[in-house]
Amino acid sequence: DVQADYIGLSHPSAQTKIELIQYSTPQNQPDCNLAQPNKTGIRHLAFEVSNIEEEYSRLSAAGEKFQSDIQIFPLNGKKLTYFNGPDGILLE
């Protein structure tokens, strides 16, 4: 039940993308829990992979614990999931 405004920025000659997201629900909570993607500020790093299902399976088999199954955005079909990296940084 997440609602958010989203804009993606990229330079035509670069592969790097910046995504700016403002969550309206669930509402932002005023704490510094970096494990929550809907907090104000830079909250996570996202990586694009060619096959998310294969990477999810590979990382799961290696013992990675994901915050959810792979989620699919209904508007554009984008697939994603979150997990914590070795330093506790939230990864998408």
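Two residues are counted as being in contact when heavy atoms lie within 4.5 Å. With that meaning, residues 24 or more positions apart account for 26% of the contacts in the protein with a separation of 6 or more. The structure described here is a predicted model, and the values below were computed from it.

## Overall make-up

The protein has one helix and seven strands, and along the sequence these elements follow the pattern β-β-β-α-β-β-β-β. Of the 92 residues in the protein, 20% are buried. The accessible surface comes to about 7400 Å², and carbon and sulfur atoms hold 54% of that area.

## The hairpin of strands 1 and 2

Strand 1 and strand 2 run antiparallel and are joined by eight bridges, while the connection between them is a hairpin that passes through six residues. One of the pairings can be followed by name, since Q3 has T25 of strand 2 as its bridge partner.

These two strands also carry a nonpolar surface patch of about 360 Å², which is made by I7, L9, I18 and L20. The elements giving two or more residues to this patch are strand 1 (3–10) and strand 2 (17–25). In a regular strand, the side chains alternate between the two faces of the sheet. Within the patch, I18 has its place in strand 2; its relative accessible area is 48%, and I18 is therefore classed as partly exposed, the class that lies between under 20% for buried and over 50% for exposed.

## The sheet of strands 3, 7 and 6

Three strands form an open sheet in the order 3-7-6, with mixed pairing. Strand 3 (44–45) and strand 6 (83–84) stand at the edges and have a single partner strand each, so one side of each is left without a neighbour in the sheet. Strand 6 pairs with strand 7 in the antiparallel sense over two bridges, and here N84 stands opposite L90 in strand 7.

## The helix and its ends

Helix 1 covers residues 52–61, and its N-terminal end is capped by N51, which has a side-chain oxygen 3.1 Å from the backbone nitrogen of E53. Just after the helix, G63 takes a positive phi of about 100°.

## E92 and Y82

E92 has its place in the segment after strand 7 (90–91), and with a relative accessible area of 13% E92 is buried. The side chain of E92 is joined to that of H44 by a polar contact of 2.7 Å. When neighbours within four places in sequence are left aside, the residues in contact with E92 include H44, L45, A46 and F47, as well as K78, L80, T81 and Y82.

Y82, one of these contacts of E92, lies in the loop between strand 5 (79–80) and strand 6. Y82 is also buried, and its relative accessible area is 11%. The C-alpha atoms of Y82 and Q71 are separated by 9.5 Å, and the two residues are eleven residues apart along the chain.

The table sets out the relative accessible areas of the three residues discussed above.

| Residue | Relative accessible area | Class |
|---|---|---|
| I18 | relative accessible area 48% | I18 partly exposed |
| E92 | relative accessible area 13% | E92 buried |
| Y82 | relative accessible area 11% | Y82 buried |

Technical notes
Residues are numbered from 1 along each chain as its sequence is written. This is a predicted model: local features need pLDDT of at least 70, side-chain atom pairs count only at pLDDT 80 or more; totals for chains, interfaces and linings use all residues. Side-chain values use heavy atoms; hydrogens and water are left out. Patches are made of residues with over 30% relative accessible area and no salt bridge: like charges are joined within 9 Å, nonpolar side chains (Val, Leu, Ile, Met, Phe, Trp, Tyr) within 5 Å. Accessible areas come from the Shrake-Rupley method with a 1.4 Å probe; for residues, only the protein chains shown count as cover. A salt bridge is a side-chain nitrogen of Lys or Arg within 4 Å of a carboxyl oxygen of Asp or Glu. Helices (H or I, at least four residues) and strands (E, at least two) are DSSP runs, numbered from the N terminus. Buried means under 20% relative accessible area, exposed over 50%, partly exposed in between (1.4 Å probe, protein chains only). A polar contact is a pair of N or O atoms within 3.5 Å; within protein, one must be able to donate a hydrogen and the other to accept it, and residues adjacent in sequence count only if both atoms are side-chain atoms. Two strands pair if DSSP finds at least two bridges between them.
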